[in-house]
Amino acid sequence: MEKTLFEKIMTGEIPGQIEYEDDLCIALRDINPQAPIHLLIIPRKPIPRVGEASKEDQATLGHLLLTAGQIAKNLNLENGFRIVINNGEDGGETVPHLHVHLLGGRQLDWPPG
Ligand code: 5GP
């Protein structure tokens with residue numbers, strides 16, 4: 001199967017600023033940041049989207065959120081941050097490899113567009 005964009009970044013075929021990595025995921029700086037801090041927490045496993053995750057992905061999905069929370073703490077985002085997961089066309093997903101957006105460093109609006 002063709003590698004996803006994020007898999008190519010993980011293997012170094014495409015450049016990317018990886019800020020953190022472990023055996024289950026990486027944290028990549030978004031190429032088009034929407035806030036002073038905008039990282040993508042991406043599982044090494046190319047799960048396309050939350051709606052296609054399975055029971056066997058439960059630990060990985062939990063790990064993504066815990067990692068996002070820990071990174072927010074490390075980056076001193078004690079004033080707040082936002083976690084976003086876009087799913088499918090209406091959800092605004094553009095890269096079909098599951099990723100958690102971690103946004104912070106400014107007041108974020110609600111509701112989102
Ligand atoms: P989505 O729209 O699927 O929720 O999020 C995809 C994100 O990936 C977008 O925020 C977009 O800016 C980011 N992105 C797209 N291509 C690249 C790339 O080549 N490198 C990096 N670091 N981010 C990318």
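Which polar backbone atom's residue lies 3.3 Å from a nitrogen atom of the ligand? Select I31 to find out: a polar backbone atom of I31 is at that distance, 3.3 Å, from a ligand nitrogen. Before you go on, keep in mind that what you have open is a predicted model.

**Stop 1: the ligand's contacts**

Stay with the ligand and select D30. An N or O atom in the side chain of D30 is 2.5 Å from an oxygen atom of the ligand. Next, click on G92. Here the backbone takes part: one of the N or O atoms in the backbone of G92 lies 3.0 Å from a ligand oxygen. Taken alone, the ligand exposes 520 Å², and the protein buries 83% of that.

**Stop 2: the shell around the ligand**

Now show the residues around the ligand. There are 16 of them, and D30, N86, T94, H99 and H101 come nearest. Try colouring the shell by class: you should find seven nonpolar, six polar and three charged residues.

Where along the chain do these residues come from? Select helix 1, residues 5-10, and then strand 2, residues 25-29: each supplies at least two residues of the shell. Helix 1 gives the largest share, three residues. If you switch on a surface view, look for the largest pocket, where the ligand sits.

**Stop 3: I85 and its partner across the chain**

Move on to I85, in the loop between strand 4 (81-84) and helix 3 (88-91). Is I85 buried or partly exposed? Its relative accessible area is 36%, so I85 counts as partly exposed. Now add H99 to your selection. You have already met H99 among the residues that come nearest to the ligand. I85 and H99 are 14 residues apart along the chain, yet their C-alpha atoms are separated by 6.5 Å.

**Stop 4: a backbone detail at N76**

Select N76, found in the loop between helix 2 (58-74) and strand 4. Look at the backbone here: N76 has a positive phi of about 60°, although N76 is not a glycine. How accessible is this residue? N76 counts as exposed because its relative accessibility is 54%, and the cut-off for exposed is over 50%.

**Stop 5: a cis peptide bond**

For the last stop, go to P111, in the segment after strand 5 (100-104). Select W110 as well and look at the peptide bond that leads from W110 to P111. This bond is cis, with omega near 0°.

Note on methods. Residues numbered from 1 in each chain as written. Predicted model: local features only at pLDDT ≥ 70, side-chain atom pairs only at ≥ 80, totals over all residues. Heavy atoms only, no water. Near = heavy atom within 4 Å. Polar contact = N/O pair within 3.5 Å; in protein donor to acceptor, adjacent residues only side chain to side chain. Areas by Shrake-Rupley, 256 points an atom, 1.4 Å probe, with all protein chains shown as cover. 1 Å grid on protein atoms, 1.4 Å probe; cavity = no way out; pocket = protein on both sides within 12 Å on 5 of 7 lines; lining within 4 Å. Sits in = over half its atoms within 2 Å of the grid points. Helix = DSSP H or I, 4+ residues; strand = E, 2+ residues; numbered from the N terminus. Nonpolar A, V, L, I, M, F, W, Y, C, P; charged D, E, K, R; others polar. Buried < 20%, exposed > 50% of the residue type's maximum accessible area, 1.4 Å probe, protein only.
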